[in-house]
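Dear colleague,

I am passing on the structure below, together with some notes on what came out of the analysis. Please look at the coordinates alongside the text.

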Amino acid sequence: MSEYNEYVTAVNKIFDYLSKMKTGWNSLDNKNYIESIEEYKSIVVSEADKFKEPPQNNIESLEALGND
């Protein structure tokens, strides 16, 4: 399974569990905590695109660092 698929699966599980917890709990405080976590869902989902891109090689060569 690719990193992208693993990430998407994990995110879906997390928010599925949160949804189930939200419907199962009567405590208003707990529901508010879950809602505050759910506010980050769009950010987390948008980060999935980073796993679609090939990893970048940010290591500079020794010559570029001045070690001839």
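To begin with a single residue, Asp16 is partly exposed, with a relative accessible area of 35%. Its side chain meets that of Lys20 in a salt bridge, with 3.4 Å from N to O, and the two residues, both in helix H1, are four residues apart, about one turn of the helix. In general, an α-helix has 3.6 residues a turn, so residues three or four places apart point the same way.

Before going further, I should say that this is a predicted model, and that the confidence varies along the chain. The mean pLDDT is 81, and 76% of the residues reach 70 or more. Helix H2 has the highest confidence, at a mean of 92, whereas helix H5, which covers residues 62–65, has the lowest, at a mean of 56. Where pLDDT is low, the predicted coordinates should not be read in detail.

As for the overall picture, the secondary structure comes to five helices and zero strands, so that the pattern read along the sequence is α-α-α-α-α. The chain has 68 residues, of which 7% count as buried, and its accessible surface comes to about 5900 Å², with 52% of that area belonging to carbon and sulfur atoms.

Salt bridges

The structure holds three salt bridges, one of them being the pair of Asp16 and Lys20 described above. Lys22 forms a salt bridge with Glu35, with the closest N and O atoms 3.4 Å apart. Because Lys22 lies in helix H1 and Glu35 in helix H2 (residues 28–38), this pair ties together parts that are 13 residues apart in sequence. The side chain of Lys22 also meets that of Glu38 in a salt bridge, again listed at 3.4 Å from N to O; this pair links distant parts of the chain, since Glu38 is in helix H2 and Lys22 in helix H1, 16 residues apart. Lys22, Glu35 and Glu38 are thus linked in a network of salt bridges. With regard to solvent exposure, Lys22 is partly exposed at a relative accessible area of 23%, Glu35 is partly exposed at 38%, and Glu38 is partly exposed at 26%.

Helix H1

Helix H1 covers residues 3–24, and its length can be checked against expectation: at 1.5 Å a residue, its 22 residues should span 32 Å, and the end C-alpha atoms are 32 Å apart, which agrees. Val11, Phe15 and Leu18 are buried in this helix, and they cover an arc of only 50 degrees around the axis, which puts them on the same side of H1. On the other side of H1, Thr23 and Gly24 are exposed.

Glu3 is also found in helix H1, and because its relative accessibility is 55%, above the 50% cut-off, it counts as exposed. The C-alpha atoms of Glu3 and Ala48 are separated by 9.3 Å, although these residues are 45 residues apart along the chain.

A nonpolar patch on the surface

Which residues make the nonpolar surface patch of about 300 Å²? The patch is made by Tyr17, Met21 and Trp25. Of these, Met21 has its place in helix H1 and is partly exposed, with a relative accessible area of 32%. A residue needs over 30% relative accessible area to be part of a patch, so Met21, at 32%, satisfies that condition.

With best regards

How values were computed. Residues are numbered from 1 along each chain as its sequence is written. This is a predicted model: local features need pLDDT of at least 70, side-chain atom pairs count only at pLDDT 80 or more; totals for chains, interfaces and linings use all residues. Side-chain values use heavy atoms; hydrogens and water are left out. Patches are made of residues with over 30% relative accessible area and no salt bridge: like charges are joined within 9 Å, nonpolar side chains (Val, Leu, Ile, Met, Phe, Trp, Tyr) within 5 Å. Accessible areas come from the Shrake-Rupley method with a 1.4 Å probe; for residues, only the protein chains shown count as cover. Buried means under 20% relative accessible area, exposed over 50%, partly exposed in between (1.4 Å probe, protein chains only). pLDDT is the predictor's confidence in each residue, from 0 to 100. The expected span of a helix is 1.5 Å times one less than its number of residues. The arc is that of the directions from the helix axis to the C-beta atoms.
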